[in-house]
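Grab a pencil and try these exercises on the structure below. Each one has a task, followed by a solution you can check step by step.

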Amino acid sequence: MKNIPKNVELILDRLRVSGYSAYIVGGCVRDLFLKLQPKDFDVATCASPKQVKEVFAGVEGIKVIPTGEKYGTITLRVRAEVECSGSKSGTRADSGVDCKSDIGESERAEYQNIEVTTYRLDGEYLDGRRPNSVKFSENINDDLARRDFTINALAYGDTLIDLFGGLDDIKNGVVKAVGNAKERFREDALRILRALRFASRFGFTIEKNTYSAMLALKHTLAKVAPERIQTELREILPNLKAQNLEQAKPFLLEIFPVLKLCDIEQNNKYHNLSILDHNLKACIEVVPYFKPFENTSESDAKNFGFILRLAALLHDTGKVYTRTTNLTTGQDQYINHEKKSADMARQILKDLKFDNATISLVCTLLYHHGRMHYLSKKSVKRFLSKVGEEIFLLLLQLQIADNKAKVLKLSQNKLERIEKVKQILKQIKADNEAFSLKDLAINGFDILDANIAKGAAIGKILDACLSYVIDNPSENNKVRLIKYAKKLRRGVDAK
């Protein structure tokens with residue numbers, strides 16, 4: 001099989017030469033058959049953890065770390081150029097986790113972590129996450145039988161071992177539980193979300209019996225730690241496609257119970273979907289990877305896509321509590337639902353243990369998502385000065401998705417308005433017009449040097465200068481702004 005890094009091959013070879021069977025297993029084998037480069041490689045062997053440590057003890061360029069010895073796992077931290085005999089090879093691994101050396105090599109040396117785990121049979125899953133005990137085995141078949149899905153129950157050494165038809169399921173695009181589906185999900189309810197992750201990531205369908213078991217046990221997601229759910233959501237939402245939406249819907253409602261309350265029709269001409277289905281459609285309409293700037297990294301683009309999809313999923317939840325009927329038109333209206341949605345999202349995301357930066361950004365987007373800008377440079381610059389360019393660009397993407405999830409014939413004018421705002425922003429930047437403090441021709445040191453103000457008063461002076469420059473772009477000149485700042489200060493002193 002191609003694309004197995006040389007380091008992994010060498011680890012397999014060293015175990016075999018020492019008298020032990022060894023295979024790469026699980027997701028890395030699946031990804032290789034999908035012609036994807038695995039993020040990491042896992043090795044399974046009949047050698048016990050003690051024997052694995054003995055095999056690699058003292059090998060130059062390898063640090064042996066007993067990360068999960070109780071469960072049979074030893075991590076080998078391997079220098080990228082290492083030969084298992086101790087000599088160096090010119091070939092470097094092209095996957096794995098890179099990290100700094102702490103075993104005497106140059107700080108620039110690259111390392112990868114490779115987990116080596118003893119074949120095992122799992123005991124009972126009393127906590128719904130990990131087996132209460134494990135029993136080591138000398139048979140790879142025992143190890144594959146305990147895995148979650150057939151596409152992950154593959155082993156490759158000199159030959160492929162595929163006991164459950166995983167290769168056919170990869171070819172046919174199917175996610176199917178190994179053995180009894182209900183047992184697999186009772187062992188660890190997070191596997192329900194893992195099934196959704198694989199289906200959305202690869203565009204697979206979930207096998208009928210597997211999906212039925214997921215539905216029957218969806219309530220057990222309540223037992224899963226919020227941090228683990230959050231991690232899966234970060235993979236599911238950016239990859240969610242229209243064809244996977246109905247599959248995912250019952251489980252999103254389980255994770256976000258507030259969405260169940262949103263399953264009500266909207267008596268409003270702009271909407272032909274319930275609040276719930278509008279939120280879900282808006283979520284799908286969001287671009288999954290979003291680069292606000294040319295230099296935005298791929299990882300940041302994925303994170304922005306996730307944040308936008310999370311915001312879209314929750315953006316109109318506040319409508320449930322703000323709905324009234326306009327007595328003149330007879331239509332539903334939702335005054336200040338944006339603020340209510342933001343307030344609700346803050347608590348929901350806290351409960352799921354999201355970090356403060358993500359919570360703040362999502363809530364800011366929700367709070368402002370209903371705002372339509374006046375089509376003038378001045379209006380756009382004022383809002384940019386309030387939220388910053390990054391949030392502004394994210395907000396426009398959320399608004400596009402929101403309006404695409406409405407009655408298009410009626411929301412088309414709003415979509416056109418958003419495009420005009422984007423052009424105004426482009427013109428503001430092309431003309432180098434100031435809309436943030438960093439764009440001003442003066443800074444706090446200039447205010448201090450000119451003996452205009454000290455301490456907190458400096459910030460107030462700069463804010464006033466920015467407001468002045470937004471209205472009068474040609475005044476963004478150091479001499480003129482110092483003069484204006486002095487005039488401001490005199491006015492404050494006179495009071």
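**Exercise 1. Find what share of the 495 residues in the protein chain is buried.**

Step 1: set the cut-offs. Buried means under 20% relative accessible area, exposed over 50%, and partly exposed in between, using a 1.4 Å probe and protein chains only.
Step 2: apply them. Buried residues come to 50% of the 495 in the chain.
Step 3: know your input. This is a predicted model, where local features need pLDDT of at least 70, side-chain atom pairs count only at pLDDT 80 or more, and totals for chains, interfaces and linings use all residues. Residues are numbered from 1 along each chain as its sequence is written, and side-chain values use heavy atoms, with hydrogens and water left out.

**Exercise 2. Work out how many helices and strands the chain has, and place Thr118 among them.**

Step 1: count DSSP runs, numbered from the N terminus (helices are H or I, at least four residues; strands are E, at least two). That gives 22 helices and 13 strands.
Step 2: locate Thr118, which sits in strand S5, residues 111-118.
Step 3: check its cover. Thr118 has a relative accessible area of 1%, so it is buried.
Step 4: look for a partner. The Thr118 side chain reaches the backbone oxygen of Ala47 at 2.7 Å.

**Exercise 3. Follow the salt bridge between Lys381 and Glu433.**

Step 1: recall the idea. Side chains of opposite charge can pair when their charged atoms come close.
Step 2: use the rule, a side-chain nitrogen of Lys or Arg within 4 Å of a carboxyl oxygen of Asp or Glu. The count by this rule is 33 salt bridges.
Step 3: check the pair. Lys381 and Glu433 meet at 2.6 Å, N to O.
Step 4: see what gets linked. Lys381 lies in helix H17 (residues 377-387) and Glu433 in the loop between H19 and helix H20 (444-449), so the pair ties together parts 52 residues apart in sequence.
Step 5: widen the view. Salt bridges with shared partners join Lys377, Lys381, Asp431 and Glu433 into one network. Both Lys381 and Glu433 are buried.

**Exercise 4. Compare two other salt bridges, Arg30 with Asp31 and Asp332 with Arg323: which residues are buried or partly exposed?**

Step 1: take Arg30 and Asp31, whose closest N and O atoms are 3.0 Å apart. Arg30 counts as buried at 6% relative accessibility, and Asp31 does too at 5%.
Step 2: take Asp332 and Arg323, which meet at 3.7 Å, N to O. Asp332 is buried at 8%, whereas Arg323 is partly exposed at 40%.

Note on methods:
Polar contact = N/O pair within 3.5 Å; in protein donor to acceptor, adjacent residues only side chain to side chain.
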